Amino acid sequence: MNERKKGLLMVCLGASMWGASGVAGQYLLQDCGLTAGWLVVSRMLLAGVILLAADVFQYRESILRVWRDKKDAWDLVLFAILGLLAVQYTYFASIKCGNAAAATVLQYLMPIFIVGYTAVTGRKWPQFIEVICVTMAIGGTFLLVTHGNVHELSIPLPALLWGLSSAVAAAVYTMKPKRLIRKWRPTLIIGWGMLVGGVFLTPFCPPWQVPGAWTVLSGLIYAYVIIFGTVVAFGCYLGSIKYIQPAEASILGAVEPLAAILLSITFLHASFGFMDILGTALIISTVFLLAKR
């Protein structure tokens, strides 16, 4: 397999694992009685330890060096809390109130918030293609959450609000660590971000107070969320950048909501009608158009 094919396979695999982890999270939250807070705090703590251990094994360097620079340390804490922690909590809260498919699609409104942020901070009106993308995203969201009927929501209002919050947090998560990752490396920054975010949430959702009903199946699904849905997925996605362009990785990352939809229909018997498909297509199309730029 040549390097390009390897990169394409890695990004698709990582995105698919992310989509599957949302479906697995829905099962744990709705059928097994876990709380979004406990799932997020335990996931972040375990994944953070695993990623940092992998970083030490791979690079043979001290993982504490990043904390010696005050600016780096401050940016890392903000990324951990306002980025990683916020995006995961809002995402799983949206799933808890609604379903994994809708929550994942709503999170993909993230590029629209990035367009808005850059327009405001740069004091520059968005370009024509960006205005088109914003219009498509708004129209897609309208179809997804109303099915064309303005008097009735097709998903619960809390799920919609958490989903939109997840898109905002995803924008922060995408933009905030760019300087840190360029200066250091992805495993170190994301590993510390996971660990710091988990520690921050611990007083509010103690991981030792385990909720829900546990079985062998729920234990295996939980292990999947931690190992494959977090550590391996991040490794595949970030590793793909060595072989393909970042824009290509962004475009192929759209496999995530498609995987979440297909797995939700297959395993959770979720309904996904024509309006849902049309709304999803409009939202995902904006990812292709903006990533191309």
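Helices in these legends are DSSP runs of at least four residues, labelled H and numbered from the N terminus. The model shown is predicted.

**Figure 1. His147 occupies the loop between helix H6 and helix H7.** Helix H6 covers residues 128-146, and helix H7 covers residues 157-175. The phi angle of His147 is near 55°, a positive value in a residue other than glycine. Most residues other than glycine have a negative phi. With a relative accessibility of 35%, His147 counts as partly exposed.

**Figure 2. His269 lies in the loop between helix H12 and helix H13.** The flanking helices are H12, residues 255-267, and H13, residues 274-292. Phi of His269 is likewise positive, near 55°, in a residue that is not glycine. The relative accessibility of His269 is 68%, and this residue therefore counts as exposed, the cut-off being over 50%.

**Figure 3. The protein is built from helices, without strands.** Its secondary structure amounts to 13 helices and 0 strands. Along the sequence the pattern reads α-α-α-α-α-α-α-α-α-α-α-α-α. The radius of gyration is 19 Å, close to the 19 Å given by the globule rule for 293 residues, so the protein is as compact as a globular protein of that length. Taken along the principal axes, the C-alpha atoms fill a box of roughly 55 × 50 × 40 Å. Among contacts between residues at least 6 apart in sequence, 85% join residues at least 24 apart.

**Figure 4. The surface and charges of the protein are considered together.** The accessible surface comes to about 14200 Å², and 70% of this area belongs to carbon and sulfur atoms. Of the 293 residues, 50% count as buried. The protein carries 21 positive and 12 negative charges, and the mean positions of these two groups are 9 Å apart.

**Figure 5. Asp55 is a buried residue of helix H2.** Helix H2 spans residues 36-59. The relative accessible area of Asp55 is 0%, so this residue counts as buried, the limit being under 20%. Leaving aside neighbours within four places in sequence, Asp55 is in contact with Arg60, Ile63, Arg185, Thr187 and Leu188.

**Figure 6. Met175 belongs to helix H7.** This helix comprises residues 157-175. Met175 is partly exposed, with a relative accessible area of 28%. Not counting residues up to four places away in sequence, Met175 touches Ile114 and Tyr117. Met175 and Glu256 are separated by 81 residues in sequence, and their C-alpha atoms are 19 Å apart in space.

**Figure 7. Cys32 and Cys97 are shown in a structure with 0 disulfides.** Cys32 takes part in no disulfide, and the nearest cysteine sulfur, that of Cys97, is 17 Å away. Cys32 has a relative accessible area of 6% and is therefore buried. Cys97 is also in no disulfide; for this residue the nearest cysteine sulfur is that of Cys205, at 14 Å. Such a distance does not meet the disulfide cut-off, which asks for a pair of cysteine sulfur atoms within 2.5 Å. Cys97 has a relative accessible area of 32% and is partly exposed.

Methods:
Residues are numbered from 1 along each chain as its sequence is written. This is a predicted model: local features need pLDDT of at least 70, side-chain atom pairs count only at pLDDT 80 or more; totals for chains, interfaces and linings use all residues. Side-chain values use heavy atoms; hydrogens and water are left out. Helices (H or I, at least four residues) and strands (E, at least two) are DSSP runs, numbered from the N terminus. The radius of gyration is taken over C-alpha atoms; the globule rule is 2.2 Å times the number of residues to the power 0.38. Buried means under 20% relative accessible area, exposed over 50%, partly exposed in between (1.4 Å probe, protein chains only). Contact means heavy atoms within 4.5 Å. Accessible areas come from the Shrake-Rupley method with a 1.4 Å probe; for residues, only the protein chains shown count as cover. Lys and Arg count as positive and Asp and Glu as negative; His and the chain ends are not counted. The place of a charge is taken as NZ of Lys, CZ of Arg, CG of Asp or CD of Glu.
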